Each structure stands twice: as C-alpha cells, then as structure tokens.
Amino acid sequence: MVAAIRSGCAMLTEPAEAAIIARAMQAGVRDPKRSRRSFEHIFEDFLPEVEFSGQRLLDIGPGQYDFGVVARERGATVVGIDRDPAVLELGRHKGFEIIDTDLREVTPGSLDDAYDGLFCKYSLNAFWFGADLRRLRDHINVFLDALRPHGWAWIAPWNGVPKKLNLNDAQLDAVLEAQIDAFRAAGFAFRDLSADDTRRYGVHGDTVNNALFIRGL
Ligand SMILES: C[S@@+](CC[C@H](N)C(=O)[O-])C[C@H]1O[C@@H](n2cnc3c(N)ncnc32)[C@H](O)[C@@H]1O
C-alpha cells in the first residue's frame with residue numbers, strides 16, 4: 001500500500017513538468033523536487049478506507065497534483081480548481097480536468113454539485129473576507145454545496161493573515177470561530193492540529209490556527 005502511494009507521489013521528474021511548474025506564483029509550488037511525504041501521510045492516516053474507484057473529486061488549489069495523481073491511480077476522476085496559469089497548465093499536461101477560477105470569487109451554484117469528495121491542502125483562507133462573517137460562511141457553503149450528501153472531505157485551510165488585513169485579535173478569533181461553525185453546521189469535525197501533525201501533513205506555516213476539517217473519513 002505505502003509503496004503504491006510512493007510511486008504515485010513521485011516528484012515532477014519529467015523536464016516538461018518541471019519547466020511548467022517553475023513559473024508557478026507560489027515559491028512552495030515551484031520546486032519540482034519538493035517532498036511528497038505529507039501526502040503519503042494523509043493517504044495513510046485519513047483515506048485508507050476511501051473507495052476511490054468511480055469517484056469524482058475536487059482538489060481545491062492542487063499545486064503539483066500530488067493528491068490527484070494518487071487518487072486517479074485508484075480509479076477516481078479528479079478536477080483541480082486554481083487561478084495560477086502554471087498550475088492550470090500542469091493540470092492540462094497531466095490530463096486532469098481543471099477549473100480556472102480565483103477561489104475567492106466562486107459564487108453559489110458556480111460549481112458542479114456532484115463531487116464525491118473534496119480535498120484542500122493549504123489553499124482556502126479564513127481571512128479572505130476580512131471581518132465579513134456572512135461572506136465567509138457563504139463562501140464556505142459554495143464548496144460544501146458541491147459535495148454530495150454522503151461525500152467525504154479533507155480540508156486544511158491556510159489560515160495565515162493576509163499582509164494588508166488590519167484586524168485585532170478579537171476579530172481574528174471571531175473569523176476563525178465563524179469558519180469552524182460553518183463547517184460544523186455541515187457535519188464536519190474540527191481539529192486544531194498539533195505542531196507535530198502540521199509537519200506530518202505538510203500544513204505548517206505562519207497561521208493563527210492549524211485547522212483541519214473532515215467529514216465522512
Ligand atoms: C500552498 S499551495 C498548496 C498546493 C497543494 N494543495 C499542496 O498542498 O501541495 C496553494 C494552492 O492554492 C492555489 N491558490 C492560492 N490562492 C488561490 C486563489 N485565490 N485562487 C485560486 N487558487 C489559489 C495556488 O495556486 C496553489 O495551487
């Protein structure tokens with residue numbers, strides 16, 4: 001099982017892929033030799049029971065498609081949603097369906113509503129809408145509405161504070177609480193990951209919390 005995951009998570013060794021991803025907007029996405037261990041850990045710890053065969057999955061901010069490559073090997077169809085031209089080009093090159101959209105701008109009903117699973121590793125952000133909690137909740141629901149009622153989801157947002165945002169600590173806490181409430185209202189469990197777990201799952205950075213939301217896993 002682990003060996004299969006490792007082969008699926010091979011680095012971007014093809015020169016064409018490395019050349020495409022070298023143009024990515026985010027430095028962490030540009031490195032074709034980036035370690036894939038965190039994805040092995042996520043598959044081992046959270047997804048061993050998932051029957052990928054025949055599932056249609058949405059990878060929110062797919063980066064180098066590490067999740068998609070393994071899920072596809074197991075029989076799933078994976079759609080990536082991103083705005084970075086290099087990430088989108090890599091997706092096309094690898095034969096994934098892609099949606100070219102700024103994640104902050106998705107609107108109700110704009111996504112296909114028949115996904116069996118949602119995967120998000122460090123792309124959504126609780127603070128995109130400042131202190132506007134209703135907008136945050138509506139935005140989360142755009143993604144949750146795209147998930148089938150019995151679908152599964154693994155969502156680890158990047159809850160860092162955007163550079164120009166000027167909120168005090170109480171406001172930051174209120175935003176994080178609203179994010180947690182929105183996921184819980186849709187049947188998700190919330191974990192604030194330990195420092196060890198953030199390293200294990202590749203979600204460590206300068207963030208206000210280390211949220212992981214899961215459902216059906
Ligand atoms: C930190 S990377 C994570 C990539 C991948 N999930 C992983 O863990 O390796 C964030 C991803 O989200 C995308 N992303 C970030 N902000 C975005 C936005 N506002 N709209 C669309 N995509 C965005 C980036 O292009 C990138 O693919």
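What radius of gyration would a compact globule with 217 residues have, and what does the protein chain have? For such a globule the value would be near 17 Å, and the protein chain comes in at 17 Å, which agrees. The model behind these values is predicted. Laid along its principal axes, the C-alpha trace spans about 45 × 35 × 35 Å.

As for what the chain is built from, there are nine helices and seven strands. Among contacts with a separation of 6 or more, 71% link residues that sit 24 or more positions apart. Burial takes in 49% of the 217 residues. On the outside, the protein chain exposes about 10400 Å², with 48% of that supplied by carbon and sulfur atoms. Charges come as 26 positive and 32 negative side chains, and the centres of these two sets lie 3 Å apart.

Zooming in, helix α4 runs over residues 37-46 and is mostly covered, with seven of its ten residues buried. The buried set in α4 mixes side chains: F39, I42, F43 and F46 are among its members, and so are S38, E40 and H41.

Over in the strands, W152 belongs to β5, which covers residues 147-156. Because the cut-off for burial is under 20% relative accessible area, W152 counts as buried at 4% relative accessibility. How far does W152 lie from D132, C-alpha to C-alpha? The two are 20 residues apart along the chain, and their C-alpha atoms are separated by 28 Å.

Conventions:
Residues numbered from 1 in each chain as written. Predicted model: local features only at pLDDT ≥ 70, side-chain atom pairs only at ≥ 80, totals over all residues. Heavy atoms only, no water. Helix = DSSP H or I, 4+ residues; strand = E, 2+ residues; numbered from the N terminus. Rg over C-alpha atoms; globule rule 2.2 N^0.38 Å. Buried < 20%, exposed > 50% of the residue type's maximum accessible area, 1.4 Å probe, protein only. Contact = heavy atoms within 4.5 Å. Areas by Shrake-Rupley, 256 points an atom, 1.4 Å probe, with all protein chains shown as cover. Lys, Arg positive; Asp, Glu negative; His and termini not counted. Charge placed at Lys NZ, Arg CZ, Asp CG, Glu CD.
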